[in-house]
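Me: Please take a close look at one part of the structure shown below and explain it carefully. I am a first-year student, so spell out each term as you go.

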Amino acid sequence: RVASSMAPSTAPESGASPGGASFFGCYLLASLNPAMKGRSYVGFTVNPPRRIRQHNGALSAGAKKTRKLRPCEMLVVVHGFLSDVQALQFEWAWQNPRTSAKVRATATRLKISDRSSSPANKIKLLMGMLHLSPWRHLPLTVHWLSPEHRAMAEKTCERPPGHVKMESGTMAELKARMGERFRDDDDDVFEGAGGGGGGARSASESASVSLSLSLSLARGGGGEGGGRRCGICGETLSSRRGGDRGDRDATATADEKRRGRHERRKQRRREER
C-alpha cells in the first residue's frame, strides 16, 4: 500500500511517552559530505541531541564509525521501545534486513539488501518494519527531523499502523518533550568488548525475564495444539530451541552493547575521580 497522506501532526504532542520512564530509540543518519552522498547510518541512542553532536565531532567521545560521513544530519528517530533490548534488536534488524528472519521477506519485496545504505531505502524499510511482529505491537513514535524525508515517506512508503504516532519537529522540540527521559548512558561500545564485571544485567538476561513474564501471562487455556502464546502479541511461540540464527545474532549484539556501555560508564567514573 502506498500512503497518500499520513497523520497531520506536525509537532510533538505533550505528555508522557508510552514507552516507559526511559528513552530508548533508533535513528537514521545521513551524510552531508558531497563525497559520501547517499550514505547513511542506523544507530541506537538513549540521548539523540548528544548523539548527533558525537557524530559531528562536537563531542570528542564516541561515534568513531561515522567520522568519514561528517557532517551528518539525523533524519528520523523511532522511540517508544519498552527496553534497550527491544531497541537494539530493532536497530540490528534495520541494519541487517536480509539476515534477520523477521525482516527478510519485507526486505526482499522492497529489493533492499544488507548493503543498501541510501536514506530512501532505509526509510522504506523502516516503514515496512513497523508492520512486522513484534514491533507492530509496540507503542512506537516516529519523529521526523527532516520534513523533506517525511514528505518522501508519505508519497512512496506504506502507511504506518494506526497506533503508531507520526510527528515532525526539530531536535529542540524532541528534547522539550522527551528530555527528562533521556539517559546519561553512553551509546557506544568498545570494539570486541569482553565481559564487564559489575552488576549490569545482560541484554539476553533482560530478554529472558521479559519472555518469562509474557509466557506466565499466556500459560493455561492450551489453545489449539497446546502451544504457548506470547502474552504481549498473542502469537504462538515456536518450540524449537535456539531460534533463527539471525535472531540469536541480534541478541548477542544487544548483549555486547550492554556490556560495552557498562564498561564505558566505569571508565568515565574513573576519569572523573
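Reply: Helices H4 and H5 are oblique to each other, because they pack at an angle of about 60°, and angles under 35 degrees count as roughly parallel, over 145 as roughly antiparallel, 65 to 115 as roughly perpendicular and the rest as oblique. H4 covers residues 119-129 and H5 covers residues 147-156, with their axes 10 Å apart. Such axes are lines fitted to C-alpha atoms, for helices over the stretch in contact, and angles run from 0 to 180 degrees between N-to-C directions. Helices (H or I, at least four residues) and strands (E, at least two) are DSSP runs, numbered from the N terminus.

This is a predicted model, in which local features need pLDDT of at least 70 and side-chain atom pairs count only at pLDDT 80 or more, while totals for chains, interfaces and linings use all residues. Residues are numbered from 1 along each chain as its sequence is written, and side-chain values use heavy atoms, with hydrogens and water left out.

Where the two helices are in contact (heavy atoms within 4.5 Å), Pro119, Ala120, Ile123 and Lys124 of H4 meet His149, Met152, Ala153 and Thr156 of H5. Sorted by class, this contact has 5 nonpolar, 2 polar and 1 charged residues, where Ala, Val, Leu, Ile, Met, Phe, Trp, Tyr, Cys and Pro count as nonpolar, Asp, Glu, Lys and Arg as charged, and the others, Gly among them, as polar.

H4 also has a place on the sheet, and that setting is worth following. The sheet is open, with 5 strands in the order S2-S1-S3-S4-S5 and mixed pairing; two strands pair if DSSP finds at least two bridges between them. Strand S2 (40-45) and strand S5 (165-168) each have a single partner strand and stand at the edges, so one side of each has no neighbour in the sheet. From one strand to the next, the twist averages 20°.

Strand S1 (residues 25-31) runs antiparallel to S2 and is joined to S2 by 6 bridges, and within this pair Cys26 stands opposite Phe44 in S2. Helix H2 (residues 84-95) lies across S1, S2 and strand S3 (72-79), and runs at about 170° to S2. H4, in turn, packs on the sheet by touching S1, S2, S3, strand S4 (141-144) and S5, and the direction of H4 makes about 160° with that of S1. H4 therefore has contacts with these strands as well as its oblique packing with H5.
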